[in-house]
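User: I'd love a close look at one part of this model: the nonpolar core and what is built around it. Could you walk me through it?

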Amino acid sequence: MRPGRKALGAVMALAVLAGCGAEADAPDFVVRNTGVRVRTDALFARSLDFPTRVESTATAALEYWGGDWSALDGRLITFDGAAHVACGTLGNSVGCFDGNLRISTQDAGQQVRCVEETVLVHEIGHAVIGDADHTDPRWMDFTPVLEALRGRPGYVADGEVPCDLAVSVWRHPAPR
Ligand SMILES: [Zn+2]
């Protein structure tokens, strides 16, 4: 494309959107009133049950944190295939809450097999109680969430495997 006023205008529009933290892309689907974007090749995120798994996992997390879906109302959850997501002054992290949620679909360099294995449960905690410094004792427990989400299938290239849930993934500090 010939560089001209039109191209410059588009670049400036992008810069403005980035500057105010807006997400330019529309969600791939909506759960309750929460948008979900899939930016990963992880099989679980391509699975037909993904929307219902996001919903039930988030419901269990919201319950644990004493919140409800209003805490996620109008927010956007992005599942990202990269090992780390940018997170403001926190730098690279496996998950981020800055009004919206960004969740890596990798854990220690491996693609995870189900949404329950991601740090979604952790980041929803920030959406409900804030607490960026992780002073609440619940950041070090998560046993009730583990009980609620236990026994679900995960997805690998040759089929289904059990989800390998561990409270350490959701606890603070989360693995980097
Ligand atoms: Zn945190």
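**Around the core**

Analyst: Happy to, and V121 is a good place to begin. Beyond its neighbours within four places in sequence, V121 is in contact with T57, A61, F142, V145 and W170. Please keep in mind that this is a predicted model.

V121 belongs to the largest nonpolar core, a set of 37 residues. Together with A61, L120 and I124, V121 is among the residues with the most contacts inside that core. Many elements feed into it: helix 2 (43-46), helix 3 (50-64), strand 3 (76-80), strand 6 (95-97), strand 7 (101-104), helix 4 (120-129), helix 5 (143-149) and helix 6 (167-170) each give at least two residues. Helix 3 has the largest share, with six residues.

Helix 3 therefore deserves a look of its own, since its 15 residues at 1.5 Å a residue should span 21 Å, and its end C-alpha atoms are indeed 21 Å apart. Its buried residues are F50, R53, V54, T57, A58, A61, L62 and Y64. Viewed down the helix axis, these buried residues fall within an arc of 160 degrees, so they line one face of helix 3. What do they pack against? The partners of the buried residues in helix 3 are strand 1 (29-31), strand 2 (34-39), helix 2, helix 4 and helix 5. Two of the V121 contacts, T57 and A61, are among the buried residues of helix 3. After helix 3 comes G66, with a positive phi near 75 degrees.

Now to the sheet. Five strands form an open sheet in the order 1-2-3-7-6, with mixed pairing. Strand 1 and strand 6 are at the edges with a single partner strand each, so one side of each has no neighbour in the sheet. On average, neighbouring strands here are turned by 20 degrees against each other, direction ignored. At one end of the order, strand 1 and strand 2 run antiparallel and are joined by three bridges, with V30 opposite G35 in strand 2. Helix 4 packs on this sheet, where it touches strand 6 and strand 7, and its direction makes about 15 degrees with that of strand 6.

The loop between helix 4 and helix 5 brings us back to another contact of V121, namely F142. F142 lies in that loop and has a positive phi of about 75 degrees although it is not a glycine. Most residues other than glycine have a negative phi. H134 is placed in the loop between helix 4 and helix 5 as well, and its phi is also positive, near 55 degrees. Is each of these residues buried or partly exposed? F142 counts as buried because it has 22 C-beta neighbours inside 10 Å, where 20 or more are needed. H134 has 16 other C-beta atoms within 10 Å, so it is partly exposed.

One further pairing rounds off the tour. Strand 10 (residues 153-156) and strand 11 (residues 159-162) run antiparallel and are joined by four bridges. A hairpin of two residues links strand 10 to strand 11, and G154 stands opposite V161 in strand 11.

Conventions
Residues numbered from 1 in each chain as written. Predicted model: local features only at pLDDT ≥ 70, side-chain atom pairs only at ≥ 80, totals over all residues. Core = buried A, V, L, I, M, F, W, Y, C linked by C-beta atoms within 7 Å. Buried ≥ 20, exposed ≤ 12 C-beta atoms within 10 Å, placed from the backbone. Contact = placed C-beta atoms within 7 Å. Pairing = 2+ DSSP bridges. Expected span 1.5 Å × (residues − 1). Arc of directions from axis to C-beta. Axes fitted to C-alpha atoms, helices over the stretch in contact; angles between N-to-C directions.
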